[in-house]
Amino acid sequence: MASLWGGRFTGKSDPLMQSFNESLRFDRRMWKADIVGSQAYAKALSKAGILTAEERDQLVDGLEAVGKEWAAGNFKSVPTDEDIHTANERRLGELVGSVAGKLHTGRSRNDQVATDMRLWLRDEAHQLLAFLKELIGAAVARAEKEVSIVMPGYTHLQRAQPIRWSHLLLSYAWSWHADAERLEQLIKRMNQLPLGSGALAGNPFNVDREFLAKELGFDSPMPNSLYGVSDRDFVAEILFWCSLTMVHLSKFAEDLIIYSSAEFGFVQLADAYSTGSSLMPQKKNPDSLELIRGKTGRVFGGMSGFMMTLKGLPSTYNKDLQEDKEPMFDAVDTLTACLQIATGTVSTLTVNAEKMKASLSNDMLATDLAEYLVRKGVPFRETHHIAGRAVKMAEDRGVPMSELSIQDFQTLHAAFADDAVEIWNYERSIDQRCAIGGTSLKTVQEQISAMKKWLGTA
Ligand code: ARG
């Protein structure tokens with residue numbers, strides 16, 4: 001069969017141009033969306049009086065048969081199948097004859113492709129949401145089980161204050177939770193229907209776009225046909241969403257890579273998510289996490305590349321827009337893999353609670369020392385200074401602060417009393433941070449309950 005646009009052309013396409021132009025090799029994965037969209041359109045055409053009921057059924061059934069070939073993996077493309085839309089229409093014609101030529105009445109590949117992409121992405125986004133929830137569920141389950149484990153918390157990668165391991169796990173879970181909320185908002189925004197916009201100016205047969213929207217599960221038809229065919233904000237948004245979610249995954253990965261090094265030894269990855277070295281027999285490398293961290297770059301690249309494509313385009317459809325698919329597919333595939341790998345990694349790693357606890361040192365309680373004096377009525381700015389001098393005193397003597405005597409402390413401030421020994425207790429320090437969002441047992445358990453409620457597992 002000749003190309004879809006053969007009538008006006010007499011010259012042949014350059015073979016390199018043909019392959020340059022062709023997108024079937026990647027847009028074939030939208031075959032189902034294309035079939036479903038066309039079936040709905042056939043119904044709308046019959047409602048508009050363009051197709052008889054019999055013709056409509058022929059088209060709907062024929063498209064069903066084309067879909068079956070894709071599903072079974074035996075759809076055979078031919079060199080003139082420029083894209084998934086061309087391929088499906090060509091095959092439909094072979095199966096049902098000339099009535100296939102009526103399907104594209106008033107439709108353009110411009111409104112068709114924009115519709116297919118939204119349909120495809122909507123399904124994938126729901127799948128991503130499910131994977132994200134599994135990941136959050138895995139982190140929350142661990143947080144609940146290991147709530148008594150304490151560890152050093154870091155700022156600037158320097159030991160700062162003692163925290164619960166669960167509090168750290170939940171910090172990742174909260175950023176993924178925000179990602180999930182963002183994705184839900186994005187699904188809502190992408191759920192607007194371009195079909196019925198024609199090539200750019202609108203549909204001349206007054207197809208019922210409300211019907212089409214309902215048929216395909218969209219919230220409403222897009223309100224302007226020029227906007228309908230050209231808007232790719234939903235692609236830009238999913239690329240940004242994937243990028244930001246990768247930032248969160250990358251931070252989680254980087255933390256655990258550091259914590260799994262021998263120098264820290266806080267966690268050990270399961271064999272299932274590590275690899276060995278071809279040369280050094282002792283090695284166990286955190287490849288799962290390194291790949292998550294590394295793939296963050298590629299997802300960013302897809303986003304910035306596509307933003308460059310959009311920048312400077314004139315209104316409505318331009319072939320540049322065919323460049324929207326590969327970054328979208330790649331980002332979705334990457335997230336689909338990374339979310340599952342992160343879930344597997346976090347649910348199977350082992351935690352070395354003793355090592356975490358042994359890495360706490362009582363200089364990490366210097367803030368608590370200052371707070372002790374605050375509770376005795378000394379202004380914080382002064383107490384900060386006094387606690388700093390206590391740190392220095394212990395350092396000069398080469399002993400931990402807890403070995404300084406009450407008399408020593410009293411040389412720094414008269415408010416120190418015998419109860420100061422209670423400062424040197426990490427759990428106590430942790431449980432004092434009991435305002436909403438803190439690392440205390442109570443406030444960590446509140447976070448776990450809130451998360452389980454949100455996940456529907458409470
Ligand atoms: N393969 C094209 C794309 O992905 C379909 C739309 C083609 N429209 C056109 N006017 N050439 O964008």
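**Domain arrangement**

The C-alpha centres of domain 1 and domain 2 lie 35 Å apart. The model is a predicted one, and its domain assignment divides the chain into domain 1 (6-105), domain 2 (110-197 + 223-358) and domain 3 (362-424).

**Contact between domains 1 and 2**

Where the two domains meet, eleven residues of domain 1 are in contact with twelve residues of domain 2. On the side of domain 1 that touches domain 2, helix H2 (24-27) and helix H3 (31-47) each supply at least two residues. H3 gives the most to this side, with five residues. By residue class, the side of domain 1 that touches domain 2 divides into five nonpolar, three polar and three charged residues.

**Ligand surroundings**

The ligand is surrounded by Ser23, Asp27, Asp83, Arg109, Asn110, Val113, Tyr317, Lys319, Leu321 and Gln322. In this shell, three residues are nonpolar, three are polar and four are charged. The largest share of the shell, three residues, comes from H6.

Both domain 1 (6-105) and domain 2 (110-197 + 223-358) give residues to the shell around the ligand, and the shell therefore lies between them.

**Nonpolar cores**

The largest nonpolar core has 94 residues. Within this core, the residues with the most contacts are Ala139, Ala173, Leu212, Ile238 and Ala342. Helix H6 (residues 109-145) provides the largest share of the core, 14 residues. Because domain 1 (6-105) and domain 2 (110-197 + 223-358) both give residues to this core, the core lies between them.

Ala139 illustrates the contacts at one position: leaving aside residues up to four places away in sequence, Ala139 touches Leu169, Tyr172, Ala173 and Val346. Apart from the largest core lies another core, of twelve residues, among them Ala387, Ala390, Phe409 and Ile423.

**The annotated C-terminal segment**

An unreviewed UniProt entry places the feature "domain: Argininosuccinate lyase C-terminal" at residues 364-430. Over residues 364-430 of the model, the chain is 60% helix and 0% strand. The end C-alpha atoms of this segment are 11 Å apart. The domain assignment, for its part, gives domain 3 as 362-424.

**Summary of helix H6**

Helix H6 enters the description of two features. To the largest nonpolar core, H6 (residues 109-145) contributes the largest share, 14 residues. To the shell around the ligand, H6 likewise contributes the largest share, three residues.

Conventions: Residues are numbered from 1 along each chain as its sequence is written. This is a predicted model: local features need pLDDT of at least 70, side-chain atom pairs count only at pLDDT 80 or more; totals for chains, interfaces and linings use all residues. UniProt positions are given in the numbering used here, feature names are shortened, and annotations may be inferred rather than shown by experiment. Helices (H or I, at least four residues) and strands (E, at least two) are DSSP runs, numbered from the N terminus. A nonpolar core is a set of buried Ala, Val, Leu, Ile, Met, Phe, Trp, Tyr and Cys residues joined through C-beta atoms within 7 Å. A residue is buried if 20 or more other C-beta atoms lie within 10 Å of its own, exposed if 12 or fewer, and partly exposed in between; C-beta atoms are placed from the backbone. Domain bounds come from an automatic or database domain assignment. Two residues are in contact if their C-beta atoms, placed from the backbone, lie within 7 Å. A residue is near a molecule or strand if its C-beta atom, placed from the backbone, lies within 6 Å of it. Ala, Val, Leu, Ile, Met, Phe, Trp, Tyr, Cys and Pro count as nonpolar, Asp, Glu, Lys and Arg as charged, and the others, Gly among them, as polar.
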